[in-house]
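Morning, everyone. Please have the sequence and the model open in front of you. I'll go straight in.

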Amino acid sequence: MFIKSVYSSLQKYRFLLHQLISRDFKVKYKRSVLGVLWSLLYPILTMTVMALVFSNVFKFSTPGVNYLVYLLTGLVMFNYFSEASNLSMSSVVANFALINKIYIPKYIFPLSKCLFVGINFLLTLIPLYAIILITGTPLNIYHIFLPYAFICLFIFTFGMGLILSAVSVFLRDMFYIYGIVMTLWMYLTPIMYDINLISVTYQKFFKLNPLYHYINFARRIILYGEMPSPFTFAVCALSAIGTLLIGVIVFKKNQDKFIYYV
Amino acid sequence: MIKINNVSMRFNLGIEKNFSLKLFFINLFKLKKEKKEKKEFWALKDVNIEVQKGEVVGFIGSNGAGKSTLLKVVAGVMKPTKGSVERYGNICPMIELGAGFDMDLTARENIYLNGAILGYSKEFITEKFDEIVEFSELRDFLDVPVRNFSSGMVARLAFSVATIVDPEILIVDEILSVGDIAFQQKSENKMRSMIEGGTTVLFVSHSLAQIENLCDRVVWLENGTVKKIGEPKQICEEYKQYVMN
C-alpha cells in the first residue's frame, strides 16, 4: 500500500520533479559562458589536479593496474555521493518558502537533487571512459554490471539525503558538521589509496563503509576485469536498501513537523 | 464542501531556542521541569466551520487572529494539532502568490515551474499558456528573468498562473490587492466569474467592502476562536463597531 501511494504521488508530481531538475540545470549554467560544458570540464580538471598531486607528489600507485583509472573510478563515485547528499541536505530548508504555502510532498526536494546530480554523474562517465581508453585499460563484458553499482550508490545517497534533509531542519549546525564529516569520510574511503595499505586489523572497519563496496564493485570490473563476488553484490544491495529504509522512516516521521521550524 | 472539525493548532514560540548545540548542552544540565517550560501559543482553538459547495466564506479579524493559519490548515500545508479537516474537491491555494518563482528564470520558464508546483500537468500548461500570458499582460517580457520584474509584475504573473484552473475549492489570502488599479479590477472580476461558476471560496481580506461584496457568509476570528459567523453585512458592521471601540 505504501509503495502504491508513493507510485501514484510520483505519477502526479512527475512533471514537478522534471521541472525542478531542469530548473537546477538552467540556474546552474545560465550565467556562465561555457554553460553545460562545465559539467564535463569541471570534473576533468579537478580530477586532473588530484591525479597529478597524488601520483607525482605523494607517489601513490596501485600495483598491476593504472593508478589514474583507479583514482578516477573512486573519485567519480565519491563525488556523486558528496555533492548529491550535500545538496539534498539543504534542499528542504531552501524550499521552506514553498513548503509553507503549498502542499507538495516534501521528499521531492531531496529526490530532485539526487537525480540532478545523477545526470551530472552520467556526464562524468564520459571523461572516465575516455581515460580508460587512453590509458589502454581493456574493456570487458562485465561492464554491463556497472549500472548495478550506480543504482546502489543512488539509493544509498537518496537514503542519506532523506536523513540529512530531515535532521538539518531541526539542527542547522548539520551544515557545518557535515562538511567536516565529508572531509573525514573522503579520507577514510579508499579512493586515492588501496585498501591493502591499511593493516589487516583495521580493514574490517573500513569495510563498514558502504561507499567502499560500491567503489570496489566498479573497480573489480573496470580495473581487474572480473565479476564482483556474490558477497559484494549482496552487501551493495543490502546497505543501499537499508539506508533508504531508515531514511524513509526518519523523513516520514518528521515531515509534518518541518513547518514549525521555518 | 469543507468540514472543519474541532481544529486546534499549537505553535511553540520558543522553538528555536532549544535547537542550537550550545543550548542543547546547557539544557542537558538543567532540571527536567525547567526544560519542559516551553512557550505555547494556540493559533487556533476548537474551530468548527462547515462550508457548503459553491459558498463564498469570508474571514475577518485582527492580525494574528488565526485567519491565515486556518487557511493553511484547510489547504493541507499544515496538519492540525487536534481535530480534522474534510475536503471534497481539488483545491487551488492562493496564499502569498509567487512563492514558487525562481528569480533567475524567465517568465516563460516560471509559468511552467509554478504550474508544476500547483500540480498542473505539462499538457495543461502548454494548452493554457497563451491565456495565462494574455491575462498577465506581460507578453513583451516573456523571456526576461523575473528578477528584473517589478513586484507588481511578479504578482500579476503569479495571479494569472494560479487562477488558470477551475478549482472546486479556492483559497484566497489577501491577494486581490496585487498590481495596479486596472489589474485589481481585472482580478476581482476573475474571482467573480469563478464564484459564479460554482467554486467554493475561502477568502481572507482586510477590505470589508470586498468581503461584503463577494461573500455569502462571514467568519469573524478572534484569538484563534470563532467569535461570530453570519450575514456579511451584519458581521462586518459589528466588527467595525468593535474595532472602533
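Let's begin with the nonpolar core. This is a predicted model, and its largest nonpolar core has 153 residues. Which residues have the most contacts inside it? They are Met77(A), Phe81(A), Tyr214(A), Phe59(B), Ile111(B) and Leu202(B). Which helix gives the most to this core? Helix 3 of chain A, residues 67-94, with 15 residues. In soluble globular proteins, nonpolar side chains tend to be buried together.

Zoom in on Met77(A). Leave out its neighbours within four places in sequence. What is Met77(A) in contact with then? Phe121(A), Ala149(A), Phe150(A) and Leu153(A) are on the list. So are Tyr214(A), Ile215(A) and Ala218(A). Tyr214(A) has come up before, among the residues with the most contacts inside the core.

There is also a second core, separate from the one above. This one has five residues, including Tyr193(A), Ile198(A), Phe206(A) and Tyr212(A).

Now helix packing. Two packed helices are described by the angle between their axes and the distance between the axes. We have two pairs, both in chain A.

Pair one is helix 2, residues 37-57, with helix 5, residues 108-134, of chain A. Their axes come within 9 Å and cross at roughly 60 degrees. Are they parallel or oblique? Angles of 65 to 115 degrees would count as roughly perpendicular, and those under 35 as roughly parallel. Helix 2 and helix 5 of chain A are therefore oblique to each other. The crossing is right-handed. Helix 2 of chain A brings Ser39(A), Leu40(A), Pro43(A) and Ile44(A) to the contact. Helix 5 of chain A brings Asn120(A), Leu123(A), Thr124(A), Ile126(A) and Pro127(A). By class, that contact has six nonpolar, three polar and no charged residues.

Pair two is helix 6, residues 146-170, with helix 10, residues 230-254, of chain A. Here the angle is about 25 degrees, and the axes are 8 Å apart. That makes helix 6 of chain A roughly parallel to helix 10 of chain A. The crossing is left-handed. The contact residues divide into 20 nonpolar, six polar and no charged.

Over to chain B. How many helices and strands does chain B have? Nine helices and nine strands. Of its 245 residues, 49% are buried. Next, take contacts in chain B between residues at least 6 apart in sequence. Of these, 72% join residues at least 24 apart.

Let's stop at three residues of chain B. Start with backbone angles. Most residues other than glycine have a negative phi. Asp46(B) is not a glycine, yet its phi is positive, about 45 degrees. Asp46(B) sits in strand 2 of chain B, residues 40-51. Buried or exposed? Asp46(B) is exposed, with a relative accessible area of 53%.

Asn223(B) also has a positive phi, near 50 degrees. Find Asn223(B) in the loop between strand 8 (217-222) and strand 9 (225-230) of chain B. Asn223(B) counts as exposed, at 53% relative accessibility.

Last, Val77(B). Look in the loop between helix 3 (67-75) and strand 4 (82-87) of chain B. Val77(B) is buried, with a relative accessible area of 6%. What is Val77(B) in contact with, leaving aside neighbours within four places in sequence? From chain A: Ile99(A), Asn100(A), Lys101(A), Ile102(A), Tyr103(A) and Ile259(A). From chain B: Lys72(B). One distance to finish: Val77(B) and Gly58(B) are 19 residues apart in sequence and 20 Å apart in space, C-alpha to C-alpha.

Technical notes:
Residues are numbered from 1 along each chain as its sequence is written. Chains are lettered from A and ligands numbered from 1 in the order in which they are written. This is a predicted model: local features need pLDDT of at least 70, side-chain atom pairs count only at pLDDT 80 or more; totals for chains, interfaces and linings use all residues. Side-chain values use heavy atoms; hydrogens and water are left out. Axes are lines fitted to C-alpha atoms, for helices over the stretch in contact, and angles run from 0 to 180 degrees between N-to-C directions. Helices (H or I, at least four residues) and strands (E, at least two) are DSSP runs, numbered from the N terminus. Angles under 35 degrees count as roughly parallel, over 145 as roughly antiparallel, 65 to 115 as roughly perpendicular and the rest as oblique. A crossing is left-handed if the near helix is turned anticlockwise from the far one by less than a right angle, and right-handed if clockwise. Contact means heavy atoms within 4.5 Å. Ala, Val, Leu, Ile, Met, Phe, Trp, Tyr, Cys and Pro count as nonpolar, Asp, Glu, Lys and Arg as charged, and the others, Gly among them, as polar. A nonpolar core is a set of buried Ala, Val, Leu, Ile, Met, Phe, Trp, Tyr and Cys residues joined through side-chain atoms within 4.5 Å. Buried means under 20% relative accessible area, exposed over 50%, partly exposed in between (1.4 Å probe, protein chains only).
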